[in-house]
Amino acid sequence: IRREIDLPMLKSLTPEGTVLKNVFTEIYDGKTTFARQLGTYPLVIGIKQRLPLNQFIDIKVQSHMLRSIVGKQV
């Protein structure tokens with residue numbers, strides 16, 4: 001399911017280079033900050049740097065994992 005359905009769907013919905021506005025920074029895991037847009041079933045976005053938590057930022061999609069997106073703050 002993850003490889004055959006979820007990953008192609010993520011790539012279709014949010015191609016690399018897509019800018020997602022107003023994602024909310026929530027938690028750290030090591031040096032990665034995780035964020036999500038507000039919504040019922042929001043995508044998880046990993047940002048490979050520690051950003052201030054509880055803030056809204058814009059990110060650009062850099063790559064895709066099986067269940068999440070990797071982005072960079074713009």
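**Exercise 1. The aromatic pair**

Is Phe-56 buried, partly exposed or exposed, and what is its relative accessible area? Then identify the aromatic pairing found in the structure and describe its geometry.

*Solution.* The structure is a predicted model.

Step 1. Phe-56 has a relative accessible area of 46%. Buried means under 20% and exposed means over 50%, so Phe-56 is classed as partly exposed.

Step 2. A search of the whole structure finds 1 aromatic pair. The pair is formed by Phe-24 and Phe-56, with 5.0 Å centre to centre and 50° between the planes. Planes under 30 degrees apart count as stacked and those over 60 as edge-to-face, so an angle of 50° makes the pair tilted.

Step 3. Phe-24 belongs to strand β1 and Phe-56 to strand β4; with their positions 32 residues apart, the pair links distant parts of the chain.

Step 4. A separate search for a charge over a ring leads to Arg-50, whose charged end sits over the ring of Tyr-28, 3.7 Å from its centre.

**Exercise 2. The pairing of the strands**

Determine which strands pair with β3 and with β4, and in which sense.

*Solution.*

Step 1. Begin with β3. Strand β2 (residues 32-36) pairs with β3 in the antiparallel sense over 4 bridges, and Thr-33 stands opposite Ile-47 of β3.

Step 2. Strand β5 (residues 68-73) pairs with β3 in the parallel sense, also over 4 bridges. Here Ile-47 stands opposite Gly-71 in β5.

Step 3. Continue with β4. β4 and β5 run antiparallel and are joined by 5 bridges; Lys-60 stands opposite Lys-72 in β5. The connection from β4 to β5 is a hairpin through 3 residues.

Step 4. β1 pairs with β4 in the antiparallel sense over 4 bridges. Leu-20 has Ile-59 of β4 as its bridge partner.

**Exercise 3. The buried side of helix α1**

Which residues of helix α1 (residues 2-13) are buried, and why do they lie on the same side of α1?

*Solution.*

Step 1. The buried residues of α1 are Asp-6, Leu-7 and Leu-10.

Step 2. They cover an arc of only 90° around the axis, and therefore lie on the same side of α1. An α-helix has 3.6 residues a turn, so residues three or four places apart point the same way.

Step 3. The face of α1 turned away from its buried side carries the exposed residues Glu-4 and Ser-12.

Step 4. The cover over the buried residues of α1 includes β4 and β5. Ser-68 has its place in strand β5. With a relative accessible area of 17%, Ser-68 is buried, because that value is under 20%. Beyond its neighbours within four places in sequence, Ser-68 is in contact with Leu-10 and Val-44.

**Exercise 4. The nonpolar core**

How many residues form the largest nonpolar core, and which element gives the most to this core?

*Solution.*

Step 1. The largest nonpolar core has 11 residues, among them Leu-10, Leu-20, Ala-35, Ile-47, Ile-59 and Ile-69.

Step 2. The elements giving two or more residues to this core are β1 (19-29), β3 (44-47) and β4 (56-64). β4 gives the most, with 3 residues.

Step 3. Take Ala-35 as one member of the core. Not counting residues up to four places away in sequence, Ala-35 touches Val-23, Phe-24, Thr-25, Glu-26, Leu-43, Val-44, Ile-45 and Ile-47.

Key:
Residues numbered from 1 in each chain as written. Predicted model: local features only at pLDDT ≥ 70, side-chain atom pairs only at ≥ 80, totals over all residues. Heavy atoms only, no water. Core = buried A, V, L, I, M, F, W, Y, C linked by side-chain atoms within 4.5 Å. Buried < 20%, exposed > 50% of the residue type's maximum accessible area, 1.4 Å probe, protein only. Contact = heavy atoms within 4.5 Å. Pairing = 2+ DSSP bridges. Phe/Tyr/Trp six-rings, centres within 6.5 Å; stacked < 30°, edge-to-face > 60°. Lys NZ or Arg CZ within 6 Å of the ring centre and 35° of its normal. Arc of directions from axis to C-beta.
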